[in-house]
Structures are given as structure tokens and as C-alpha cells.
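Colleague: Before we discuss the assembly, could you show me the sequence and the model?

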Amino acid sequence: MKNILRSINICFFWTAYFLYIAVVIRPDFLYYALITDGGYVYPPFLIDYDFFTNAFHYPGGLAWYLSSFLFQTYANPWQGALTVLAASICSFALSRAMIRRFFGFTLDLFAYAPAVIAIIVMNRYGDPFPLLVNYNLSLAFSLMSINWLVERYSRHWIVFPLSFGIVYFCTGGGAVLFTILVILFAFQNKREGLLTTAAAVISLFTAILLYRYCDLRAVLQYALVSGGYPERRLMTDRTVFIDIPVIIASSIMVFCALLAPYFRFSRGSKKEKVIFNFLSGLIGAGAAFFITAALLTTTRDEGRHIKVTFEYLDRVGKPGDVVAFVDKIKPAHFDRFALFDLNRALSHQGLLGEKMFAYPQNPEALSLENPSLKFFVPALMRKAELYYELGYLNLSKASVSELFEGSRIEHPAVIELLGKNALAHGRPAIATMWYRRLTHDLIYGRKAREVLRFLNDGKPFPGLDAIESVRKNAIKSDTVLTVLDINKFCTSLLEENPGNRMAFDYLIGSFLISGNIQEAARYLQRFREVGYEQLPTNWAEALMLYCALNSATDSQLSSTVPRNIQASFVRFMSACHTIKQRYEGMDRGGERYAREAPSILREEFGATYFFYYFFHMSGASRWYR
Amino acid sequence: MVSLKKVFIYCIVATCLVIAVLVVTDYNTSQPHDCHPTSDTITIDPDYRETTLPPNLAPPNFTIAQEGKRFAVNIRPPHGPELHLRSRSPDIIIPCSAWRKMLGMNRGESLAVTISIKQATGGWNSYRPFSIYVAAEPIDPWCAFRVIKPIYVRGEDMGIWQRDLESYRTLEMVHGRTFGYGCVNCHTFLNQNPNRMILSTRSRKYNNAALVTDQDNAIKLGVKFGYPVWHPGGKFITYVDFDVFEFLHSARNEYLDVFDMRSCLAHYDLSTGTVNKMPDLMGPRVLETYPAWSPDGKMLYFCSAPMLWDSLNAIPPENYNKVRYSLCSIAYDPVRKTWGTADTVLSAQKTGMSILQPRVSPDGRFILFCMCDYSVFPTYQKSSDLYIIDLSTKIYKSLACNSNEAESWHSWSSNSHWITFSSKRDNGEFTRTYISYIDSQGNARKPFLIPQKNPAFYTTFLRVMNVPEFITGPVRISKRKLGATAMLH
């Protein structure tokens with residue numbers, strides 16, 4: 001009975017765990033969202049001899065290799081969830097075995113701890129947590145196998161230094177734990193004391209020698225607990241409060257699991273043990289479920305979730321889903337990167353002029369002109385993609401190359417953009433170089449092979465149309481670029497190709513976001529040249545506003561504004577006037593009007609450009625509909 | 001009765017023997033029979049056809065571009081045995097020892113290379129043979145070059161590598177990561193001597209400096225050296241003191257451009273540790289750059305151009321695309337330490353192009369330089385080509401090793417018969433290091449890429465290899481020591 005109950009509990013927990021990861025967290029968001037926060041790039045995995053051998057150039061390389069491979073499964077939500085599930089079940093089994101070895105009974109609540117930490121970490125997105133978990137699990141697997149080896153073949157002293165070498169190169173700093181274990185073993189095992197002590201001394205000397213020829217500081221700093229890439233910076237100030245508990249918890253688990261076979265505690269009678277087992281099974285799984293649910297709810301970072309989702313959808317070419325997603329969830333916060341991605345998605349859909357001001361805009365949301373250093377990498381990648389789509393290929397290349405140069409890991413998304421850029425630039429030889437490299441990537445490889453086939457045989461591939469369109473719209477006249485000003489770029493693009501709708505929309509959007517309706521109105525007259533039959537809503541509102549604010553308005557301008565927009569504007573102004581009258585003559589009437597009017601008008605006019613112009617010039621970042 | 005175990009062992013041994021026989025048969029080194037000769041030319045990558053190779057070069061492995069089921073290569077020298085190679089893959093790997101023997105016996109001769117390909121239908125096609133010429137003069141055995149990613153903006157991943165040209169051994173001499181991801185550049189050797197080197201470093205944390213090595217020792221000089229060169233006596237270093245800027249072009253293929261807002265020559269006396277400005281070489285308001293000493297140390301060559309702008313704040317400055325440098329010289333008396341009067345060797349007015357990066361051959365006969373439409377930085381100018389001027393006749397000519405893409409960063413071997421240079425000819429972006437033979441008349445032969453063990457190396461190597469410098473041996477000082485010196489405050 002107790003076993004059935006426990007099995008049901010465990011199955012229920014792990015099923016919920018798996019589904020939560022696959023459906024809510026979505027590992028593919030983590031994979032495709034190159035970077036959302038903190039400048040961290042997830043690792044690629046190349047089917048490549050050099051990539052494999054490079055893994056042995058530093059201690060812990062094999063763990064890195066393994067975790068890089070595991071991370072590729074994240075490209076598919078179900079496979080990714082399965083990887084995390086498998087790793088979590090292993091850590092659960094490991095912890096459970098450890099508790100049983102130590103205390104003689106099971107205590108599932110604690111055994112679930114590493115798995116719960118792993119899912120919380122994933123639930124927060126954007127940080128290297130999934131990798132960290134992979135590191136620790138790789139370390140755990142390696143150490144468990146070595147542990148098994150030592151337990152069975154400990155009579156052969158050569159096993160110790162050999163095992164040490166394996167552990168060292170597999171998991172880096174795991175070897176330190178291993179050395180401690182060997183010493184403890186030597187003290188415990190009197191029969192083979194001399195040989196084992198000799199083996200321990202050899203191991204220690206080997207360790208010293210190896211450390212001497214490696215970057216000791218990096219090994220101690222990074223590889224000791226995570227067994228990872230020595231050049232990788234795992235700690236960030238912002239995440240240190242979560243990183244450290246994760247590292248410590250999983251390292252303790254591993255350490256204890258290693259020591260467990262050498263300590264055997266047995267407490268309580270057989271009957272008590274059975275009761276304990278039953279209760280721990282029942283309470284453990286149930287409590288783990290509820291605790292996990294509570295922790296997931298409290299630690300969920302919705303802002304990052306939105307950013308990751310937008311970035312993912314933009315990168316996998318589903319801009320329509322971005323708009324649908326944002327309309328569905330109406331997020332409480334939008335940061336500039338999320339808004340940037342949203343505006344790009346709107347532009348891809350041809351909806352920038354229609355809906356741009358239906359969302360709380362930010363002056364930087366179109367071009368990310370002044371990113372702080374912290375957001376350097378994500379801003380650079382986004383800008384590179386925007387410049388590419390607009391047709392400023394050299395500028396895009398400069399941005400993405402900077403990313404390629406600055407990053408120690410050459411991410412496939414970066415290489416792909418460089419390849420696309422070369423294709424759009426009409427330089428197939430360079431594109432071949434980039435795509436040839438990409439063919440080695442586990443996930444991007446298939447797409448790269450299709451492009452190479454196109455380059456060899458001319459057989460079209462999905463996405464060729466988009467590249468052709470970029471090539472058509474790309475800037476042709478050479479000028480020197482010293483100031484990164486999106487208005488100037490779009491103006492030049494429109495001068496060369498008046499039908500470039502993306503440049504037109506970005507130019508108008510950029511003028512309007514900064515309240516420059518005079519300049520916007522100048523270009524709005526040309527809306528038919530870019531293929532609009534009638535002005536999109538937000539653009540028409542801006543033109544209406546311009547007409548109304550300038551008494552010397554050209555009658556042609558007002559005739560291009562649809563009647564419903566004109567009527568809406570009249571209603572808006574009338575409503576403003578009414579509210580203003582209410583506060584006229586009152587103490588601090590002006591201030592009260594500025595405070596109260598937006599909340600009164602938001603419901604009806606919140607999505608209009610009039611509203612943005614009068615009340616949200618500074619781009620207040622909140623959902624106001 | 002024979003035990004089962006023995007039967008098992010016999011079976012394994014027999015299987016191994018059969019496999020060995022099959023392998024030997026498959027890779028037997030004889031020529032394929034019934035070859036059908038064709039007049040088609042074969043394409044190989046890297047292209048070593050009709051090139052002149054040094055007698056001490058590592059085997060030039062290559063990939064055959066044509067498709068086929070099997071590939072056979074026959075290298076026939078005038079002296080000694082022929083070399084037959086067969087492969088299932090189009091990658092042809094030439095055995096080192098056989099290659100060395102062959103070159104050793106055939107200095108100054110030419111090797112005839114015939115490639116045959118087994119077609120899908122089963123028959124062998126033999127392509128038109130090509131020659132590889134073996135020069136009598138050896139090349140300096142090592143080459144140092146810079147390895148960076150194709151776009152150099154941040155200087156975070158930059159290293160200097162050294163390559164043994166007689167084998168494939170490549171060593172990282174120094175990398176920016178050894179001193180906090182700084183930038184390393186401008187590696188210059190005293191008369192191709194690996195023990196005397198100048199290395200410029202740039203680091204936000206450890207400041208800009210120059211490292212000067214002597215055998216296993218390195219010192220850090222708190223001076224920023226631009227394009228430094230040793231005086232052949234090894235007593236002082238001549239360099240450029242400049243303000244260099246970079247900017248972007250919106251549409252042209254070479255999207256980066258570099259110019260010196262101001263520049264002048266200076267020299268650093270190693271014995272006294274003092275910086276001395278050069279005399280006013282070409283008058284006020286001129287730009288001077290790229291110094292190069294004659295082998296006797298009595299003549300300094302440099303490039304000079306009038307400064308065409310008034311404001312030092314505008315980037316790019318006005319008329320930046322009209323700046324053309326002339327090749328100038330000034331005499332120097334190393335005993336009295338006095339300078340003569342500057343003179344123009346070859347003017348930009350005469351050539352209509354900007355003359356840059358002069359390098360005097362170690363025998364003092366020629367100056368190798370590059371010319372491009374304008375600018376001080378030929379790497380970013382597609383028009384940049386290599387030229388040579390005979391100092392006795394002052395006649396200059398373009399070298400036959402040029403391509404449609406930029407050639408730059410060249411240097412001489414110590415016997416003045418080999419040059420190495422950077423070229424973007426492969427695809428216009430990834431700079432590679434080429435070597436070319438220069439005969440006694442100053443004519444260049446068809447250049448070739450530095451051979452790699454993996455013939456497909458260059459097709460996937462996403463780094464740029466530039467600023468190659470020949471050296472007579474490997475640089476012995478460790479990268480840790482160089483890094484530690486760079487980190488000194």
C-alpha cells in the first residue's frame with residue numbers, strides 16, 4: 001500500500017514537474033532567446049573534431065561538453081523538459097540514496113530539494129542557471145561513476161590516480177573532492193592503508209602538478225564547484241544570491257553522495273523505519289509539490305518571461321504571435337528590450353502605424369540608442385537585427401561582428417546573422433564561410449546545409465525571400481556613418497527607395513515617439529508611395545493632431561485623415577476641454593488636470609497618438625488600457 | 001582438442017589479417033591502371049598549382065575540388081623516387097618524410113603532379129598535370145602572425161601565433177587573455193631574430209605599453225609604439241606617434257576605414273630609455289608614418305602626406321579620401337647620431353596612389369610597399385596591391401602576386417627571396433597569409449597559402465591571419481611571462 005501511494009505521489013510530482021517545464025517555462029524560449037539579461041550567451045554544440053578536442057584543453061571540459069550537448073535539447077520544449085526531468089530525477093535519486101545511507105530511512109521532502117531548486121532557477125529565465133544545473137549534474141554523474149569504480153576495484157591501487165585523472169579532466173574541481181575522499185578512504189580502510197595512502201599522495205602530487213600548469217585562479221574560482229569552463233563568468237552581482245545556494249546545495253548533495261557509501265548509520269527499529277518510510281513518502285511528495293508550486297509562483301519573473309517570449313518569437317519568425325501574446329496577457333511592465341521586440345514584430349506585420357501607440361512606448365524602444373553597458377550584448381544583437389532588416393547591412397555587420405568578436409562563445413544566431421548579411425550583400429564566398437561553420441551546429445546545421453545547397457546549386461531555401469527583400473531595400477549609396485541616428489538612416493533609405501515601408505514606419509514612429517509631429521507630417525504625405533491605401537490609425541492620428549495644432553494647415557493633409565479619426569480627435573479634445581473646465585479656478589488646477597485627465601481618458605483614448613502626445617511624452621511604462 | 005578460446009583467438013587474428021590486406025590493397029601506392037587522360041585542368045584548394053615552394057616547406061596538403069569515388073595523386077620529381085598517393089577522400093595528405101626527401105633532392109627543379117579521379121562509372125580520369133617548382137633558396141623556418149576575428153573593434157580576442165613552416169606546428173606566442181583581454185599588435189623583430197621582439201599592448205586596466213624582449217627576458221616600456229621598427233643596430237626603436245581613428249562606410253564592401261588625424265615619427269633609445277622626436281622631416285602640417293630602416297641602418301624610409309584638414313575634431317576630417325602618402329627617406333649617421341635631409345623617393349603625385357608600408361629587403365636592393373587609392377591603412381582598401389621598387393634604378397612595378405582584393409602587411413625573409421603578406425583574395429573578408437618567391441630581378445611568382453595539415457583548414461577558420469613576419473626560429477619566451485610583463489604597473 002505504502003509503495004503504491006508513494007509511487008502515485010512520485011509519478012504525480014514528476015508529471016507535473018515535466019509538464020510545467022515543457023508548457024510553462026518552455027526550454028525552447030531559453031534556447032532561442034539568445035540573451036535577455038546580463039549578457040550571457042548559451043553554449044552552442046558543434047559536431048566537430050576541434051570542438052570535441054577543445055573540451056580537453058581545460059579541466060572540467062568534458063562536463064562543459066556534456067552540458068553544451070544537453071542544452072541543445074532545449075531547442076525542442078519536450079526534449080528540453082525531458083533532459084531537465086532526467087537530470088532532476090537523478091539528483092532526487094542521488095539525494096534519496098544519500099539520506100538512506102546516512103540515516104537508514106528515506107526523507108523524500110529533502111530528496112526533492114535539488115530538483116525544486118533546478119525548476120525555480122529555470123522559472124526565472126535569463127541567467128545561466130540551466131547550465132549551472134547541468135554542470136552540477138555532469139559533475140554528479142562523473143563522481144558517481146568514479147565512486148562506483150572505487151568501491152568495486154579499490155584493491156587495485158592504480159585505480160585511484162587513474163580515477164583522479166578522469167575526474168579531473170571530466171569535471172575540473174571535482175577532483176578536489178575526489179582527493180579528499182581518497183584520503184578519508186585511506187584512513188578508514190586499514191587493510192589497504194599503505195597502498196591507498198600512497199595512491200592518495202600520488203593523486204595529490206598529480207593535482208598540484210596539474211594545477212601548476214592550469215590557470216589556478218580560474219580553476220579554483222569556477223571549476224571547483226561547477227566543473228565548468230574556466231573562462232566563463234558564472235557569478236553576477238544580481239544573481240549571486242541565487243547562484244550561491246544552488247552551487248552549495250548541489251555540491252553538498254554530490255559530496256554527501258560520495259561519502260555516503262563509507263558511513264553507515266542505522267537508527268530505529270524495523271517497524272519505526274517502515275512508518276518513517278511511509279510517512280516520508282506521503283508527506284515528502286505532497287509537500288514537495290505544494291512547496292514547489294508556492295516557490296514557482298513567488299519566484300516567477302514575469303518581466304523576463306515576456307522578454308524571453310518576445311525574443312524567441314521574433315527569432316523564430318513568428319511576429320504575429322508576439323502581438324497576439326501581448327494582447328492576451330497585457331503585461332504590467334514593459335522594458336525597452338521587450339518594447340523594441342514588440343515594435344519590430346509590429347513592423348514585420350505591417351502594424352506599426354496601426355497599433356504602435358496602443359502599447360506604452362518608451363523613447364528608446366525603437367532604436368535602443370543609449371543602452372547602458374549592462375545591456376550591451378542584448379542591445380547589440382537586437383540593433384544588428386534591426387539594421388539588417390532595414391537594409392543598413394554594414395552597420396548590422398559592424399554590430400554583430402562586435403558581438404562575434406567580444407563573445408568567447410560563437411553563438412550560432414550570431415554566425416547566422418553574419419551569413420545572412422553576406423548573402424544580402426551579394427558576397428556568396430563570405431556567406432559560404434559562415435554557413436559552412438554553421439553546418440557543424442547540432443540545431444542550426446540543417447538550415448545551414450540548405451543555404452549551402454542554394455549557394456552551390458541555386459536551390460531556394462526557406463527565408464530566401466526575406467533576404468532578397470533586404471537586398472532590394474539595402475542602402476546603395478556610400479556615406480560615412482559617424483552618428484548612429486535611426487532618423488537619418490531611414491531618411492536615406494527612403495530617398496533611395498521610396499517604397500521601403502519598414503524605413504517609412506520606423507521614421508514616422510521615431511519622429512512621433514519623440515513628439516516631432518512637424519517632421520512626421522512632412523513624410524506622412526508620402527504614405528501612398530510605400531503601399532498604404534489609407535493612413536494607418538496611429539499615423540492618421542498624428543497627422544490629425546498636426547493639422548489641428550497648425551492653423552496654416554494644408555487642406556490636403558486633413559483630407560487624408562479618415563473621418564472616424566477626425567471624429568475621435570474632436571471627441572478627445574472635447575473630453576479634455578470638459579475635464580479642464582472642471583479644474584479651472586481650483587487650487588493647483590493645472591496639476592490636478594494633468595493627474596486626473598489620463599485616468600479618465602485612458603479607457604476610450606488610451607491607444608491613440610493624441611493621448612500619448614498629451615499625457616505620455618515621457619513614456620510612462622505601464623499598461624493603461 | 002583445440003579449445004573454443006583458441007578458435008576464437010584464431011578467428012580474430014585471421015580477420016585482422018584480412019582487413020590489413022584489404023587496407024594495403026586499397027591504399028597501395030601504385031598508379032591506378034587504365035587511366036583515361038583528359039585535357040581538363042584540375043582545381044585544388046589551396047591552389048598550389050604552378051607555384052614556387054621553398055625546399056624546406058611542410059607538405060602542401062590540398063583538397064581536390066572535382067568529385068569522384070577515389071583520388072590518386074602522382075608527384076614525379078626529376079631526381080629520386082616518385083610519390084604515389086591514393087585516397088577515398090578528396091583531401092590529399094602528403095607524407096612529411098617522403099616530401100622532405102623529395103624536396104631535398106630536387107632544389108631548383110620542378111615536380112610534375114598528376115591527379116587522377118575514379119568516376120562514379122568506375123573508370124579513372126587523369127587530369128592535365130601541373131608543376132610545382134622547388135626553389136633553391138630556403139625560407140626562414142618560422143613565421144609570426146596575428147590572429148583576430150574578422151572585425152576588430154573591441155580587441156578582446158587577439159593573439160600572436162607563431163608557425164613552424166617546416167612542419168605544421170603552431171604555437172600561441174601571446175594572447176590578450178594573458179593580461180586581462182588586452183590587445184596585442186605590432187610584433188616586430190630585429191633582423192628576423194626571434195629573441196629580439198617588440199610587441200605593442202593595449203589594455204584599459206594595464207595601460208598601453210610596449211614589450212621589448214631579449215632572449216627569455218621582457219621589459220615593459222610605458223610608451224605607446226605605433227608601427228615600431230628596430231634600428232638594425234638594435235640600439236633604438238623608431239615608431240609612429242599618432243592619433244588613429246576608425247569609422248564606418250554605409251554601403252561599400254570594405255565597410256571600415258582608418259585614418260591618422262595626426263602622426264609623426266619618434267624614436268626610443270633603449271640604452272637611455274628616452275624618447276626623441278625626429279627632426280622636422282617634411283615640414284609642418286604633414287603626416288608621417290610607417291618607418292623602415294635600410295639594412296645598414298644609414299637610411300630611414302617612411303611615408304609622408306600633407307595634412308589636408310584644419311580641424312582635429314571632425315571625424316572623418318575633410319578630404320580624408322584624398323590623403324595620399326609619398327615614399328620618403330632621410331639619411332642617418334649611426335656613429336654621430338645625426339640626421340641628413342629628407343628626400344622623396346617616390347611621390348604620390350607620380351603614382352596617383354597612396355604609398356604605404358615600405359619594407360626594405362635584407363640585401364638592401366628593393367623596397368616592397370603597397371599602394372592604394374587613398375588612406376593610411378591598406379587592409380581596408382580593396383585597391384591595395386603590392387609593388388616593388390629597385391633602389392638602384394628607382395623603377396617601381398606591380399608584383400605578379402597581386403589580386404583583386406587587398407594585399408598588405410608584407411615582410412621579407414632573411415635571404416631576400418621570400419615575401420609573406422596578408423591578402424583577402426579568397427573571399428574579400430578573411431585575410432590569409434600568403435608566401436611568394438621573389439627572384440633576383442624583383443619579380444614575384446604565384447603566391448601560395450601557408451600549408452596546413454588539414455587541407456580544409458582555411459574553409460572553416462573564422463579568424464583573420466595578418467601581419468606575418470618571418471623569423472629564423474621560434475620565440476622562446478613564454479606567453480605567461482609576456483602576459484605578466486604586460487600586467488606590470
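The exchange below treats the interface, the salt bridges and one strand residue in turn.

Modeller: This is a predicted model, in which local features need pLDDT of at least 70, side-chain atom pairs count only at pLDDT 80 or more, and totals for chains, interfaces and linings use all residues. Residues are numbered from 1 along each chain as written, chains are lettered from A and ligands numbered from 1 in the order written, and side-chain values use heavy atoms, with hydrogens and water left out.

Colleague: What is the area buried between chain B and chain A?

Modeller: The contact, defined as heavy atoms within 4.5 Å, involves 35 residues of chain B and 36 residues of chain A. Buried area is the accessible area (1.4 Å probe) that two parts lose on being put together, summed over both. Carbon and sulfur atoms give 55% of the total, which is about 3100 Å².

Colleague: Which side chains meet in a salt bridge across this interface?

Modeller: A salt bridge here is a side-chain nitrogen of Lys or Arg within 4 Å of a carboxyl oxygen of Asp or Glu. The rule finds one between chain B and chain A. Its N to O distance is 2.5 Å, and the partners are Lys397(A) and Glu429(B).

Colleague: Where do Glu429(B) and Lys397(A) lie?

Modeller: Helices (H or I, at least four residues) and strands (E, at least two) are DSSP runs, numbered from the N terminus. Glu429(B) is in the loop between β32 (418-423) and β33 (432-437) of chain B, and Lys397(A) is in helix α20 (residues 393-406) of chain A.

Colleague: Why do Glu429(B) and Lys397(A) count as buried?

Modeller: Buried means under 20% relative accessible area, exposed over 50%, and partly exposed in between (1.4 Å probe, protein chains only). Glu429(B) is therefore buried, since its relative accessible area is 7%. Lys397(A) is likewise buried, because its value is 8%.

Colleague: Which residue in β19(B) stands opposite Leu481(A)?

Modeller: Strand β1 (residues 480-481) of chain A and β19(B) run antiparallel and are joined by two bridges; strands pair if DSSP finds at least two bridges between them. Opposite Leu481(A) in β19(B) stands Leu248(B).

Colleague: How many helices does the secondary structure of chain A come to?

Modeller: Buried residues make up 56% of the 625 residues in chain A. Among its contacts with a separation of 6 or more, 70% are between residues 24 or more positions apart. Its secondary structure comprises one strand and 32 helices.

Colleague: With which residue does Asp341(A) form a salt bridge?

Modeller: The partners are 41 residues apart, with Asp341(A) in helix α17 (residues 336-349) of chain A and the other residue, Arg382(A), in helix α19 (residues 376-390). Both Asp341(A) and Arg382(A) are buried. Salt bridges that share partners join these two with Glu311(A), Arg315(A), Arg344(A), Glu385(A) and Glu389(A) in one network. The closest N and O atoms are 3.0 Å apart in the pair of Asp341(A) with Arg382(A).

Colleague: Is Ser126(B) buried or exposed?

Modeller: Ser126(B) lies in strand β9 (residues 124-126) of chain B. Leaving aside neighbours within four places in sequence, its contacts include Cys35(B), His36(B), Thr114(B) and Ile115(B). With a relative accessible area of 12%, Ser126(B) is buried.
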